[in-house]
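Reader: I have just opened this entry and would love some help finding my way around. Could we go through it together, one question at a time?

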Amino acid sequence: DPERILEFAKQIQLKAMQSGMFRFVDIDTKIDQPQAEIVFDHDKVSALGLDMQQVGADLSASIGGNFVNRFNIAGRSYKVIPQIKRIDRLNPEQLENIYVTGPNNQLIPLSTVATIRHKTVARSLNRMQQLNAVQISGVSGQSLDTALKFLENEAHKILPKGYILDYTGDSRQLRTEGNKFLPAFMLAVVLIFLVLAAQFNSFRDPFIILLGSVPLAMFGALLFTFLKMPNGKFFTDGWTTTLNIYSQVGLVTLVGLVSKNGILIVQFANELQRQGLGKLEAIAQAARIRLRPVMMTSV
């Protein structure tokens, strides 16, 4: 029922505005369209012996607006649309003056067997996944993930069993792709490890490259998500940004970048060791010499 869905949506909207997290919250469904219905008294219809199929055909011909035929004038074809005059159907109450065909082709006023019921309906019935739906949208001062979690918690409290939540736009992207970061990140690390193992013909060097560069790079990248800019406390109580799809792609790319920088140093250090230098001396010299290429590729 769209009206019941809208009632629940308004409750969620009220909770969202009371939370202070949202600048505004809007609902796309508006029930403000006036509508008039013709309601038949079936007892009277039966008593007068009316045929509902014939009554429906009479009403359709009077106010339906469907064309029943075509005629030609001067080589042009025109539709034949039977309708009562516009002046006789300006308001719903005038419909009661329409006559319908009764037994023995007698004409019976519609007001004898029917009444006009007025009500307000939705402008349009929105659907999602072939189900009746109401879309809630808004602007929040918090991160998208925080705002969605709040709305989800309130929806679970308000919505009865049988109602479901779905997402559109950035919200759908966050909920469908946001949980795939860890598998993608681990897969990237494993693939890089296997490629390095094949390149160095060793499992030790790839382990050194990844263990020595990836954790520090992740720490440096994630550190700035806790910084409040440009003023206020240095560290915030929570995340100032979110791990959205863009930052997640950046972190996966960062793994490849720091691994490449590690390759430059480890490969050169191995070459220096083969020339007779000790491990510590080879590492220190490789770090000094490869610093400029690492900085150039990183920047």
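**A guided look at the chain**

Author: Happy to! Helix α9 has 30 residues, and its first and last C-alpha atoms are 44 Å apart, close to the 44 Å expected at 1.5 Å a residue. Please keep in mind that this is a predicted model.

Reader: Which residue just after α9 takes a positive phi?

Author: Look at the position just after the end of α9. The phi there is positive, at about 110°, and the residue is G276.

Reader: How many helices and strands are there in the chain?

Author: Helix α9 covers residues 245–274, and it is one of several elements to find. The full tally for the chain is 10 helices and 10 strands.

Reader: Is the chain compact or spread out, and what is its radius of gyration?

Author: Along its principal axes, the C-alpha trace spans about 120 × 55 × 35 Å. For 299 residues the globule rule gives 19 Å, and the chain is well over that, so it is more spread out than a compact globule. Its radius of gyration is 36 Å.

Reader: What percentage of the residues count as buried?

Author: A residue counts as buried when its relative accessible area is under 20%. The accessible surface of the chain comes to about 20400 Å², with 57% of it belonging to carbon and sulfur atoms. Of the 299 residues, the buried share is 25%.

Reader: What share of the contacts with a separation of 6 or more comes from residues 24 or more positions apart?

Author: Here we take the contacts in the chain with a separation of 6 or more and pick out the pairs that are 24 or more positions apart. Those pairs account for 60%.

Reader: How far apart do the centres of the positive and negative side chains lie?

Author: The chain has 31 positive side chains and 24 negative ones. Each set has its own centre, and the distance between the two is 11 Å.

Reader: What is the distance between the end C-alpha atoms of helix α8?

Author: Helix α8 runs over residues 204–223, which makes 20 residues. At 1.5 Å a residue they should span 28 Å, and the model agrees with that. The distance between the end C-alpha atoms is 29 Å.

Reader: Which helices do the buried residues of α8 pack against?

Author: The buried residues in α8 are D205, P206, I209, L210, S213, V214, A217 and M218. An α-helix has 3.6 residues a turn, so residues three or four places apart point the same way. The partners of the buried residues of α8 are α7 (181–200) and α9 (245–274).

Reader: Where does L222 lie, and how far is L222 from F185 in space?

Author: L222 lies in helix α8. At 27% relative accessibility, L222 counts as partly exposed. In sequence L222 and F185 are 37 residues apart, while in space their C-alpha atoms are separated by 14 Å.

Reader: Which residues does Q106 touch, not counting those up to four places away in sequence?

Author: Q106 sits in the loop between β5 (99–101) and β6 (107–109). With a relative accessible area of 47%, Q106 is partly exposed. Beyond four places in sequence, Q106 touches V100 and T101.

Reader: Is N104 buried or exposed, and what is its relative accessibility?

Author: N104 belongs to the loop between β5 and β6. Although N104 is not a glycine, its phi is positive, about 60°. N104 counts as exposed, with a relative accessibility of 73%.

Reader: And what is the relative accessibility of N105?

Author: N105 also lies in the loop between β5 and β6. N105 is not a glycine, yet has a positive phi of about 60°. N105 counts as exposed, and its relative accessibility is 64%.

Key. Residues are numbered from 1 along each chain as its sequence is written. This is a predicted model: local features need pLDDT of at least 70, side-chain atom pairs count only at pLDDT 80 or more; totals for chains, interfaces and linings use all residues. Side-chain values use heavy atoms; hydrogens and water are left out. Helices (H or I, at least four residues) and strands (E, at least two) are DSSP runs, numbered from the N terminus. The radius of gyration is taken over C-alpha atoms; the globule rule is 2.2 Å times the number of residues to the power 0.38. Buried means under 20% relative accessible area, exposed over 50%, partly exposed in between (1.4 Å probe, protein chains only). Contact means heavy atoms within 4.5 Å. Accessible areas come from the Shrake-Rupley method with a 1.4 Å probe; for residues, only the protein chains shown count as cover. Lys and Arg count as positive and Asp and Glu as negative; His and the chain ends are not counted. The place of a charge is taken as NZ of Lys, CZ of Arg, CG of Asp or CD of Glu. The expected span of a helix is 1.5 Å times one less than its number of residues.
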